[in-house]
Amino acid sequence: MSRVWLFLLFAALLRATAAALRADPPRRSLRAAGWAVAMVSTWIAASGAGAWTPLGPALLAAVLGAPIEWRRRRTILRLAAEGGVFLLAGFLSVPPLAPLRTAAFLLLWVPFGFTLDRLFLRRGAMLRWAAALLPLFAVAAIRLLHPWAVSGAWRTLVPAIAPSRVVFLAFGPAPRADRIVLPGGAVAWFERSPEGDGAPGAVLLHGADRRGSAQAAAQALRRALRDAGYAVLAVDHPGYGESPLPDTSAIETWDPLPDEAAAFDTLRAICGGAPVIVVGHSMGVREAVRLVGARPDAAGAALFGGSLEKRGPQSDYWYERFHTDRRLDRRISREKVDRICALYYDTLPLIRLLPANRTRILFVRFGREHEDVEAMRDVLFARLPAPKESWDLLGTDHYFNSGARIGLVAGDLRAIRRASALLRRFREGTPR
């Protein structure tokens, strides 16, 4: 079963639990709880339908409607509230959910909830129904959350689900993308712009995470780019994601530029002559700098979370990361790793290849950063040639306040909207 259908099943099961809670007239507190659960289940259903949207509207509907349900059951009002939450979810999604898709799922979800309510009211015996449903609900919850609980990866979501940000929490299956195998064997993921054909394109180069373009930060940035109107081609770096590992016996096979240049040409062909920019995050910043140096026709470069790295031999930590990120079973010599990094992962020589007054550069700093990045990011910006501008995404960490696990992505929608607004302004060439 795909993760989308699993997510929708989870929402349906939660909605059935809400109907069970509302089925016992004497217990007002249970009815009010059932109303609140129904609103949250609607938000989850909208997320399963493709809307990456804040929890806020569902929470507001729960807070406003629960006191009304406490006094008297209001089926029509509850249906209207669910419909409103679903419509707002589609409208506030990043990027917005297509109107026809929103309407189709809405016409399925609201009658489904109404049918459940009527079924439980007629059958009665709320406790018996709840006893049958809640174990299933628990199984579904464990299926979704167990990998976080046992691995400690749930800690990556803490910034996104902190109480001060819960209103802006977005959560749902990873976006769908078309898998493209580039001529050199690397894998890239294509997502069309919501604006359709003729929209500008963006080649996205991800950071140092073995999941490649499927990592949380990359998926957040992909959403921001699409919301800004770009078609996106996200490239899995050699050895990351689904791209094959380079030949460990040959230094030249470690060069990521041929695959990235092929991705640029592929996207330019798909966009039919529309402008194409290069976007880099973290480790991908140095790749983006190199790619715009090799492709004079790039319309610009947007660099997120970049800094100059310390030159010289790799530390023990980064020597190990070199292997684990790429899933290398055998260690290669330190001399070879240092040689590969000096040739292909040293930012300073790449900057010197960028001629001035050719490519627009947008340099983005995160509000909360790693110490080493924060110490050297301004040095990197100073070395970049003009025209350039810098911007701070305040309240956002190096990973866009996001986390991902088992194909599900959670994050702070404000961070994505801020990045989207910045990218749209960059696209339009609006002066700061």
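The following exchange goes through a predicted model and asks what stands behind the terms used to describe its burial, helices, aromatic pairs and enclosed spaces.

Reader: What is the make-up of the protein chain, and how much of it counts as buried?

Author: The protein chain of this predicted model has 15 helices and 11 strands, and 54% of its 432 residues count as buried. Among its contacts with a separation of 6 or more, 76% are between residues 24 or more positions apart.

Reader: Why is Ser 47 called buried?

Author: Buried means under 20% relative accessible area, and Ser 47 has a relative accessible area of 4%, so the term applies. Ser 47 is found in helix α2, and, leaving aside residues up to four places away in sequence, Ser 47 touches Phe 7, Thr 53, Phe 171, Gly 172 and Pro 173.

Reader: What makes α10 a helix that is largely enclosed by the rest of the structure?

Author: The statement rests on a count: 10 of the 12 residues of α10 are buried, and therefore the helix is described as largely enclosed. The buried residues of α10 are Met 283, Gly 284, Val 285, Arg 286, Glu 287, Ala 288, Val 289, Arg 290, Leu 291 and Val 292.

Reader: Which residues of α12 are buried, and how do you know that they line one face of the helix?

Author: In α12, which covers residues 334-344, the buried residues are Val 337, Ile 340, Cys 341 and Tyr 344. Seen down the axis of α12, these buried residues fall within an arc of 95°, and because of this they are said to line one face. An α-helix has 3.6 residues a turn, so residues three or four places apart point the same way. The buried residues of α12 pack against α10 and α11, the latter being residues 316-325.

Reader: Why is the pair of Trp 254 and Phe 322 called tilted?

Author: Two cut-offs enter here, since rings pair if their centres lie within 6.5 Å, and planes under 30 degrees apart count as stacked while those over 60 count as edge-to-face, with the rest tilted. The centres of the Trp 254 and Phe 322 rings are 5.3 Å apart and their planes are at 35°, so the pair is tilted. This pair links distant parts of the chain, with Trp 254 in the loop between β5 and α9, Phe 322 in helix α11, and the two positions 68 residues apart. Both Trp 254 and Phe 322 are buried.

Reader: What makes the pair of Tyr 317 and Trp 318 edge-to-face, and why are Tyr 317 and Trp 318 called partly exposed?

Author: Edge-to-face requires planes over 60 degrees apart, and the planes of Tyr 317 and Trp 318 are at 80°, with 5.1 Å from centre to centre. Partly exposed is the class between buried, under 20%, and exposed, over 50%. Tyr 317 has a relative accessibility of 49% and therefore counts as partly exposed, and Trp 318, at 37%, counts as partly exposed as well. The count of aromatic pairs comes to 8, and Phe 304, Phe 366 and Phe 400 form one aromatic cluster.

Reader: How many cavities are found, and what lines the largest cavity?

Author: A search of the whole structure finds 2 cavities of 30 Å³ or more, and the largest cavity holds about 50 Å³ of space. Among the residues that line the largest cavity are Leu 205, His 206, Asp 236, His 237, Met 283, Gly 284 and Glu 287. The elements giving two or more residues to this lining are α9 and α10, and α10 gives the most, with 3 residues. By class, the lining of the largest cavity divides into 5 nonpolar, 3 polar and 4 charged residues.

Reader: What is known of the second largest cavity and the second largest pocket?

Author: The second largest cavity has a volume of about 30 Å³, and its lining consists of Leu 354, Pro 355, Arg 358, Thr 359, Ile 361 and Pro 385, that is, 4 nonpolar, 1 polar and 1 charged residues. The second largest pocket has a volume of about 590 Å³, and, of the 26 residues that line this pocket, the closest to its centre are Gly 50, Leu 97, Pro 175, Arg 176 and Arg 226. At least two residues of the pocket lining come from each of α2, β1, β3 and α8, and by class the lining has 14 nonpolar, 5 polar and 7 charged residues.

Methods: Residues are numbered from 1 along each chain as its sequence is written. This is a predicted model: local features need pLDDT of at least 70, side-chain atom pairs count only at pLDDT 80 or more; totals for chains, interfaces and linings use all residues. Side-chain values use heavy atoms; hydrogens and water are left out. On a 1 Å grid over the protein atoms alone, a cavity is a set of points where a 1.4 Å probe fits but cannot get out, and a pocket is an open set with protein on both sides within 12 Å along at least five of seven lines; lining residues have an atom within 4 Å of a point. Grid points are joined across faces, edges and corners, and a volume is the space filled by probe spheres set on the points. Helices (H or I, at least four residues) and strands (E, at least two) are DSSP runs, numbered from the N terminus. Ala, Val, Leu, Ile, Met, Phe, Trp, Tyr, Cys and Pro count as nonpolar, Asp, Glu, Lys and Arg as charged, and the others, Gly among them, as polar. Buried means under 20% relative accessible area, exposed over 50%, partly exposed in between (1.4 Å probe, protein chains only). The arc is that of the directions from the helix axis to the C-beta atoms. Contact means heavy atoms within 4.5 Å. Rings of Phe, Tyr and Trp (its six-membered ring) pair if their centres lie within 6.5 Å; planes under 30 degrees apart count as stacked, over 60 as edge-to-face and the rest as tilted.
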